[in-house]
Amino acid sequence: MLTQNLGYPRIGSHRELKKICENYWADKTGYKNVLQVGKNIRQENWQLQKEVGVDVIPSNDFSFYDQVLDHSLTFGAIPKRYNEVILRKGNSELDLYFAMARGYQKDGLDVVAMEMTKWFDTNYHYIVPEFYKDQPFKLFSTKIIDEFYEAKQLGITTKPVLIGPVSYLLLGKEKEAGFEKIDLIRNLLPVYLDILTRLDSLGVEYIQFDEPFLTLDLSEKEKEAYNYTYKQVRKSFPKLKIILATYFEGLGNNLALTTSLPIDVLHVDLVRAPKQLDEIISTLNEKTILSVGIVDGRNIWKNDFENSLEIINSAVDKLGKERVWVAPSCSLIHSPVDLDNETNEQNLSAEIKQWLAFAKQKVAEVVTLKKLATNGSPASTLQKFEANKKATANRKSSVLIHNPEVKQRVEQLKAGDADRLSPFVLRKIKQQALKLPAYATTTIGSFPQTAEVRSWRAKFKNGTFSADEYNTLIAEETAKAVKWQEEIDLDVLVHGEFERNDMVEYFGEQLDGFAFSKNGWVQSYGSRCVKPPIIFGDVSRPQAMTVKWTAYAQSLTSKYMKGMLTGPVTISQWSFVRNDQPRSVTCTQIALAIRDEVCDLEKAGIRIIQIDEPAIREGLPLRKADWQGYLNWAVNAFKISAAGVADETQIHTHMCYSEFNDIIQNIADMDADVITIETSRSQMELLDAFADFKYPNEIGPGVYDIHSPRVPKREEMITLLKKAKAVIPSEQLWVNPDCGLKTRGWDETKKALIEMVEAAKEMRKTENVLAAENLIN
């Protein structure tokens with residue numbers, strides 16, 4: 001029996017990667033320093049896994065920004081608009097790479113970034129490959145080969161990890177008509193074979209192909225591509241040991257296809273789909289090894305050794321020890337790095353901490369499970385087993401977890417509790433009293449969190465600032481933001497959220513049932529790291545969370561101030577959620593807490609309230625057959641959160657980086673008065689779904705990409721608004737950025753928003769001229 005790991009966090013135990021990349025983008029450090037920090041993180045990760053006792057250690061799981069983007073660069077899948085970036089004197093391969101991820105605006109050259117979307121049902125974002133008919137591929141970057149050799153120089157023979165050829169193509173997007181992306185498999189596969197040839201010459205033993213699309217619904221053409229691909233790989237490399245990794249769901253109706261492929265090791269996710277084990281074993285090729293993904297790579301709860309050993313022993317009974325490997329369910333990039341860094345009990349109590357395991361602890365759990373399953377356990381391993389049983393029992397019986405009042409409130413909900421008083425067609429008439437102009441302008445909520453603002457929060461938390469000092473500074477910053485928004489003539493203002501650390505963490509800190517780590521950072525995209533709250537118990541709201549600062553900001557202006565909240569689905573999706581009750585129950589508890597906040601904001605005179613739900617699409621099960629059950633409770637949770645206010649109060653929601661076509665009816669069912677969405681990177685393509693559906697409520701399609709540092713021109717935004725107007729009636733349209741502005745700098749934010757407001761005014765002028773001409777005619 002061997003152990004393997006599918007991937008390890010690449011951000012560094014203290015977010016070293018974030019800091020060096022952001023310094024590089026700000027021209028505060030050099031190219032060589034970036035490479036050195038990356039090398040340090042890789043080598044620390046390899047050494048740690050070796051010392052813990054992992055048998056098969058991954059390489060090429062490190063990335064400076066995104067693993068899918070790494071593959072696009074490796075295969076030469078570089079859109080032509082970046083050709084001039086490549087040719088610019090002084091630009092390195094890394095500069096090209098970052099330009100593809102973030103855009104490039106320097107010395108007269110202005111190139112937009114590639115599109116970004118969610119990685120399956122996670123909160124990780126990947127850079128979407130762009131494909132063209134008959135597109136050629138070539139080996140452009142040798143990163144995977146270089147990193148395998150780097151590890152070998154340390155005395156560690158790793159297994160290089162590649163996104164499988166079929167999954168890589170399915171992750172991308174066709175950028176012209178007349179072909180299907182899967183048609184490119186014969187063009188792409190030779191590059192994979194070239195990579196394998198080079199690795200083979202360096203003495204590679206195992207290669208891991210990640211093929212998560214084997215857990216999704218596949219077309220016949222896609223199934224044929226899998227057969228073709230792996231037969232060609234096996235034919236070219238008869239002795240190479242191929243690990244095929246699947247995760248995030250069970251194999252379902254792709255089981256026969258998957259087990260028929262000529263591979264040596266099949267990895268399956270038994271955390272998400274534990275019931276698939278027996279069927280897999282019964283169809284597995286007699287020589288294929290089964291890697292059981294038994295330690296949860298997506299959540300932070302300590303593994304239940306007794307339960308896992310039952311599953312491992314069941315597999316061993318049928319296959320034998322030599323044909324069973326033990327592993328995490330998926331890559332550990334979705335886990336925080338190291339629980340040992342949590343030393344402050346004010347953040348995380350000792351009782352709750354004993355229930356948890358981060359990435360470092362998870363690889364140790366994998367090794368311990370192997371030792372326990374092979375009956376060669378020394379006393380120290382048996383002690384770990386007993387400690388594990390004790391922690392598991394403690395969590396089940398802890399008084400911290402259960403709140404009878406919260407449970408009762410959920411049980412007493414009635415069907416009508418999720419409905420607004422009137423349908424939208426009547427609410428819209430009442431909301432005309434807001435007297436907002438055509439193409440009303442707003443932002444998504446947050447303004448730049450400068451280093452100075454973040455330092456105030458840190459000083460307040462560590463006691464350097466008193467509450468009065470901190471509140472005075474936040475009030476001053478809020479007042480500046482309100483005044484500036486008035487000066488540029490935004491229509492609906494926001495208070496800026498300077499008192500907030502993160503759109504989920506801020507609320508979790510004020511809700512019962514949540515705990516927080518100090519260093520439990522997880523990569524969301526690029527250098528963006530989040531520290532998800534830990535929902536360990538029943539959730540309730542002891543007191544108002546946002547009313548103070550929203551009401552203060554409203555007192556400073558005669559314009560409408562928008563209340564800003566995070567929705568229940570997003571709070572649950574972007575937290576580490578308790579796994580001892582259905583997610584739907586936890587989400588409904590959060591919905592009731594947000595409902596209380598919405599009602600309090602309305603009582604404080606706030607007429608426009610935004611309840612962000614960027615994660616509602618992300619939470620969809622991977623199989624369409626399972627969608628409706630999720631959508632029923634997710635949509636209902638949002639409606640519960642919004643339904644307690646009068647018709648005159650306008651409810652907004654925000655969604656980003658999602659495909660909406662297949663859930664547009666469910667989005668309409670949410671019944672928000674206004675929805676703002678990300679559309680700029682897709683050049684308004686996402687609006688097609690709303691147009692085809694004839695979406696009845698109001699829409700704010702994002703007119704510029706906030707995840708890129710470039711400042712868009714007014715003409716760009718006008719072009720996008722005209723595209724929007726071509727498919728959505730102008731009376732339904734709002735004007736806003738793609739997302740919140742927290743991660744941007746003030747200089748670029750001010751320039752972009754000024755242009756955005758002027759673009760909206762240009763559209764109003766055009767509308768007025770057309771209206772006048774129609775009147776004359």
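This report describes salt bridges, nonpolar cores, a surface patch, cysteines and a few individual residues in a predicted model.

## Salt bridges

The structure contains 54 salt bridges, and three of these pairs are set out below with the distance between their closest nitrogen and oxygen atoms.

| Pair | N to O distance |
|---|---|
| R198 and D194 | 3.0 Å |
| R528 and D502 | 3.5 Å |
| R541 and D600 | 2.8 Å |

The pair formed by R198 and D194 sits within one element, since both residues belong to helix α8 (residues 185–201), where they are four residues apart, about one turn of the helix. R198 is partly exposed, with a relative accessible area of 38%, and D194 also counts as partly exposed, at 27% relative accessibility.

R528 and D502 are joined through their side chains, with 3.5 Å from N to O. This salt bridge links distant parts of the chain, with R528 in strand β19 (residues 528–530) and D502 in the loop between β16 (492–493) and α20 (505–508), 26 residues apart. D502 has a relative accessibility of 10% and therefore counts as buried, the cut-off for that term being under 20%.

The closest N and O atoms of R541 and D600 lie 2.8 Å apart. This pair, too, links distant parts of the chain: R541 is in the loop between β20 (534–540) and α21 (547–555), whereas D600 is in helix α23 (residues 583–603), and the two are 59 residues apart. R541 is buried, with a relative accessible area of 17%, while D600 is partly exposed, with a relative accessible area of 21%. Elsewhere, R42, D70, K143, E147 and E150 are joined into one network by salt bridges that share partners.

## Nonpolar cores and a surface patch

The largest nonpolar core comprises 98 residues, and the residues with the most contacts inside it are F447, F690 and Y704. Helix α24 (residues 627–642) gives the most to this core, contributing nine residues. Once residues up to four places away in sequence are set aside, the contacts of Y704 include the residues P712, M717, L741, A752, L753 and M756, together with S680, N736, P737, D738 and T749. A second core, separate from this one, has 85 residues, among them F179, L261, L270 and L290.

On the surface, V425, L426 and I429 form a nonpolar patch whose accessible area together is about 290 Å². One of these residues, V425, is placed in helix α17 (residues 424–431), and with a relative accessibility of 56% V425 counts as exposed.

## Cysteines

How many disulfides does the model contain? The count comes to zero. For C330, the closest cysteine sulfur is that of C529, and because the two sulfur atoms are 17 Å apart, the distance is too far for a bond. C330 is buried, with a relative accessible area of 0%, and C587 is likewise buried, with a relative accessible area of 0%.

## Three buried residues

V85 lies in helix α4 (residues 83–87) and is buried, with a relative accessible area of 1%. Beyond residues up to four places away in sequence, V85 touches N91, D95, L96, A99, Y104, L109 and V111. The C-alpha atoms of V85 and D110 are separated by 9.6 Å, although these residues are 25 residues apart along the chain.

T649 is found in the loop between α24 and β24 (650–655), where T649 is buried, with a relative accessible area of 2%. When neighbours within four places in sequence are left aside, T649 is in contact with R420, Q431, E602, I606, R607, I609 and D673.

Where in the chain does N666 lie? N666 is part of helix α25 (residues 664–670). With a relative accessible area of 10%, N666 is buried, and, apart from its neighbours within four places in sequence, N666 is in contact with Q628, L631 and V635.

Note on methods
Residues are numbered from 1 along each chain as its sequence is written. This is a predicted model: local features need pLDDT of at least 70, side-chain atom pairs count only at pLDDT 80 or more; totals for chains, interfaces and linings use all residues. Side-chain values use heavy atoms; hydrogens and water are left out. Buried means under 20% relative accessible area, exposed over 50%, partly exposed in between (1.4 Å probe, protein chains only). Contact means heavy atoms within 4.5 Å. A salt bridge is a side-chain nitrogen of Lys or Arg within 4 Å of a carboxyl oxygen of Asp or Glu. A nonpolar core is a set of buried Ala, Val, Leu, Ile, Met, Phe, Trp, Tyr and Cys residues joined through side-chain atoms within 4.5 Å. Patches are made of residues with over 30% relative accessible area and no salt bridge: like charges are joined within 9 Å, nonpolar side chains (Val, Leu, Ile, Met, Phe, Trp, Tyr) within 5 Å. Accessible areas come from the Shrake-Rupley method with a 1.4 Å probe; for residues, only the protein chains shown count as cover. A disulfide is a pair of cysteine sulfur atoms within 2.5 Å.
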